[in-house]
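Hi,

Here is the structure I promised to pass on. Have a look at it first, then read my notes below with the model open beside you.

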Amino acid sequence: MKSLVLLLSLFVCVSSVLGEARTVRILTIGNSFSRNATNHLDDLVRAGGHTLIHTPLVIGGASFQVHADKARKHEANPQDKAGLYGSGLGLKESLAADKWDYVTIQQASIKSHDFATYQPNAGWLRDYITRHAPQAKLLVHQTWAYRKDDPRFTKPSNKPGEPKTQEEMYRGLTAAYNKIAAELNGKVIPVGDAFFTADTDPKWAYQTDTTFDPKAAKQPALPNQAHSLHVGWRWAKSKDGKKTTLGMDGHHANLAGEYLGACVWYETLFDESPVGNTYIPKGLDAEYARFLQETAHKAVQARAK
């Protein structure tokens with residue numbers, strides 16, 4: 001009996017230190033950026049002693065309109081494959097498949113700075129989500145700005161309103177996401193804030209390697225891309241596997257960027273700081289990982305004020 005009492009006391013003590021274990025159910029309606037930002041989320045959640053039930057609805061490059069149009073096609077004809085996701089379900093069935101705590105939406109990154117591209121489809125999706133998953137809270141995933149040496153900025157467009165720098169893109173997308181979240185009464189997942197904070201940090205910010213000439217580079221030469229949050233320069237094989245070329249992906253998150261995004265999602269979903277979480281992806285420096293954890297925490301807390 002005494003052993004049982006001691007065991008129960010120990011359990012209570014441990015629970016009070018670690019916090020109560022939680023289960024969170026989320027449905028993400030997004031694209032490759034939502035996949036990037038949640039790639040390490042399961043591991044963080046597991047290390048935190050919690051449970052995540054996550055169904056992703058991912059279409060590469062998809063905007064609000066792409067997902068809304070797919071749902072409309074499914075409503076018009078449930079047998080039309082154009083209205084179905086890879087799971088074989090439409091958005092309606094996906095929303096009804098579980099008692100989701102949260103449903104997330106986001107804009108395609110290329111359009112993220114332009115609020116004119118958000119409505120009416122973002123509002124339509126909010127209404128559709130409310131109709132088919134009324135218990136779910138809406139989260140708006142704030143995507144991130146491209147790397148500062150992305151071709152979008154090194155060879156800027158003359159199109160009016162097109163951002164010419166990383167900071168312009170960040171300011172534009174932040175204003176747009178803030179506005180849509182206010183209109184839809186949704187909470188922002190501030191991944192874009194965390195990315196920009198890390199990308200402008202005096203110690204940890206990525207710095208363009210000006211000594212690297214991509215036109216003269218030969219495989220496997222790459223520039224110094226320390227502390228990049230984006231994939232950046234890489235050698236990749238063509239689809240037929242016969243040719244390897246040097247390319248730049250300043251859009252998508254790399255290991256560090258994915259980890260930073262997951263830390264932001266973790267605190268947003270579980271209301272628990274990622275700082276000190278024991279999960280660190282293989283290949284990520286421990287000190288840098290700690291900085292990313294702290295940056296994510298600051299981004300979420302800044303939104304809570």
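Start with helices H6 and H8, whose axes come within 10 Å and cross at roughly 40 degrees. This is a predicted model, by the way, so please read everything below with that in mind. Are H6 and H8 parallel or oblique to each other? An angle of 35 degrees or more is too wide for roughly parallel, and H6 and H8 are therefore oblique. As for handedness, the crossing of H6 past H8 is right-handed.

If you want to find the spot where they touch, go to Ala122, Gly123 and Arg126 on the H6 side, and to Ile180, Glu183 and Leu184 on the H8 side. Sorted by class, that contact has 3 nonpolar, 1 polar and 2 charged residues.

H8 (residues 166-184) also meets H9 (residues 191-199), and here the axes come within 10 Å and cross at roughly 155 degrees. That angle makes H8 roughly antiparallel to H9, because the cut-off for that label is over 145 degrees. The crossing of H8 past H9 is left-handed, whereas that of H6 past H8 is right-handed. Which residues meet here? From H8 come Gln166, Glu167, Tyr170, Arg171 and Thr174, and from H9 come Gly192, Asp193, Phe196 and Asp199. The contact of H8 with H9 splits into 2 nonpolar, 3 polar and 4 charged residues.

Now for the sheet. It is an open one with 5 strands, paired in parallel, and the order across it is E2-E1-E3-E4-E5. Which strands stand at the edges? They are E2 (51-58) and E5 (187-189); each has a single partner strand, so one side of each has no neighbour in the sheet. Going from one strand to the next, the twist averages 25 degrees.

For a closer look at one pairing, try E1 (residues 23-30) and E3, which run parallel and are joined by 3 bridges. A handy place to zoom in is Leu27, which stands opposite Val103 in E3. The helices from the start come back here: H6 packs on the sheet, where it touches E1, E3 and E4 (137-141), and its direction makes about 165 degrees with that of E3. H8 packs on the sheet too, touching E3, E4 and E5, with its direction at about 170 degrees to that of E4.

A few backbone details are worth clicking on as well:

- The peptide bond from Gln119 to Pro120 is cis, with omega near 10 degrees. You will find Pro120 in the loop between E3 (102-105) and H6 (121-132).
- The peptide bond from Gln219 to Pro220 is cis, with omega near 10 degrees. Look for Pro220 in the loop between H9 and E6 (230-237).
- His227 sits in the loop between H9 and E6. Its phi is near 65 degrees, a positive value in a residue that isn't glycine. With 27% relative accessibility, His227 counts as partly exposed.
- Asp271 belongs to the loop between H10 (255-270) and H11 (286-304). Phi of Asp271 is near 50 degrees, again a positive value in a residue other than glycine. Is Asp271 buried or exposed? At 67% relative accessibility, Asp271 counts as exposed, because the cut-off for that word is over 50%.

Cheers

Note on methods:
Residues are numbered from 1 along each chain as its sequence is written. This is a predicted model: local features need pLDDT of at least 70, side-chain atom pairs count only at pLDDT 80 or more; totals for chains, interfaces and linings use all residues. Side-chain values use heavy atoms; hydrogens and water are left out. Axes are lines fitted to C-alpha atoms, for helices over the stretch in contact, and angles run from 0 to 180 degrees between N-to-C directions. Helices (H or I, at least four residues) and strands (E, at least two) are DSSP runs, numbered from the N terminus. Angles under 35 degrees count as roughly parallel, over 145 as roughly antiparallel, 65 to 115 as roughly perpendicular and the rest as oblique. A crossing is left-handed if the near helix is turned anticlockwise from the far one by less than a right angle, and right-handed if clockwise. Contact means heavy atoms within 4.5 Å. Ala, Val, Leu, Ile, Met, Phe, Trp, Tyr, Cys and Pro count as nonpolar, Asp, Glu, Lys and Arg as charged, and the others, Gly among them, as polar. Buried means under 20% relative accessible area, exposed over 50%, partly exposed in between (1.4 Å probe, protein chains only). Two strands pair if DSSP finds at least two bridges between them.
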